[in-house]
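Reader: I'm new to this one. Can you walk me through it?

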Amino acid sequence: MNFAQRWLVASQESLAFAGQALRVWTPRQIFAAVLATIVVGVVIGIATVLIPNSLFTREIPPVWWNYPVWIVTSVMSGILMATYVRPYGRAASADVGTADTEEPVVLPASADREERRTGRFALTGGMLAWFAVGCPVCNKIALLALGYTGALTWFAPLQPFLAGAALILTAVAMVWRLRGQVACPVTIPREVVAV
């Protein structure tokens with residue numbers, strides 16, 4: 001099996017696990033996802049003036065793809081944030097990291113690395129979405145680095161690519177988190193392997 005086939009099989013498996021995780025979510029997790037989606041949507045929408053407001057201004061009007069990117073990013077971020085909510089509260093014995101005795105379970109280093117990687121992907125995806133749907137000349141970083149004309153000439157054409165990267169990174173982080181709720185990697189201690 002070549003790399004592309006292995007990647008496709010692994011991706012399909014991850015999506016299946018993510019769907020399975022969503023199907024067993026509790027009302028508490030669903031409420032958290034809806035609330036987080038609204039909060040992310042309002043924060044990005046107001047700051048980028050996709051939601052008209054008197055706090056911020058936008059010199060260049062939004063383009064048609066800004067709205068779907070904003071909405072999809074908000075929904076995926078909301079789902080991603082809800083993956084950090086315990087399904088049944090503090091005393092959940094089925095939760096990863098706790099047992100009936102409430103003693104913490106030490107996660108393997110690979111799980112910790114994946115957790116950090118998921119967080120980095122999510123944060124990068126959110127920031128890229130912010131820059132992608134925002135006004136190209138209202139972005140202070142682009143304006144300082146490129147100037148007004150440079151922001152219009154160089155940064156504005158890059159915004160759709162930033163949007164695509166934001167959606168991919170956020171989707172990957174969301175699927176990884178959801179997959180981890182139903183399929184955790186098992187590491188076998190060296191003592192067991194040696195026997």
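Author: What follows covers aromatic rings, charges over rings, a surface patch and one loop residue.

Author: This is a predicted model, where local features need pLDDT of at least 70, side-chain atom pairs count only at pLDDT 80 or more, and totals for chains, interfaces and linings use all residues. Residues are numbered from 1 along each chain as its sequence is written, and side-chain values use heavy atoms, with hydrogens and water left out.

Reader: How many aromatic pairs are there in the whole structure?

Author: The search finds 2. Rings of Phe, Tyr and Trp (its six-membered ring) pair if their centres lie within 6.5 Å; planes under 30 degrees apart are stacked, over 60 edge-to-face, the rest tilted. Tyr67 and Trp70 make an edge-to-face pair, 6.2 Å centre to centre with 65° between the planes.

Reader: Where do Tyr67 and Trp70 lie?

Author: Both are in helix H3 (residues 66-82), 3 residues apart, about one turn of the helix. Helices here are DSSP runs of H or I, at least four residues, numbered from the N terminus.

Reader: Is Trp70 buried or exposed?

Author: Trp70 is buried, at 14% relative accessible area. Tyr67 is partly exposed, at 33%. Buried means under 20%, exposed over 50%, partly exposed in between (1.4 Å probe, protein chains only).

Reader: And Phe121 with Trp176, what kind of pair is that?

Author: Tilted: 5.1 Å centre to centre, 45° between the planes. That pair links distant parts of the chain, with Phe121 in helix H4 (residues 109-133) and Trp176 in helix H5 (residues 140-182), 55 residues apart. Phe121 is partly exposed at 26% relative accessibility, while Trp176 is buried at 17%.

Reader: Which charged end sits over the ring of Trp176?

Author: That of Arg117, 4.2 Å from the ring centre. The charged end of Arg177 sits over the ring of Tyr84, 3.7 Å from its centre. The rule: NZ of Lys or CZ of Arg within 6 Å of the ring centre and within 35 degrees of the ring normal.

Reader: New topic. Where is Thr26 found?

Author: In the loop between helix H1 (3-23) and H2. Thr26 is buried, at 6% relative accessibility.

Reader: What does Thr26 touch?

Author: Pro87 and Tyr88, not counting residues up to four places away in sequence. Contact means heavy atoms within 4.5 Å.

Reader: What about Val43, which helix has it?

Author: Val43 is in helix H2. Val43 counts as partly exposed, at 42% relative accessibility.

Terms used: Helices (H or I, at least four residues) and strands (E, at least two) are DSSP runs, numbered from the N terminus.
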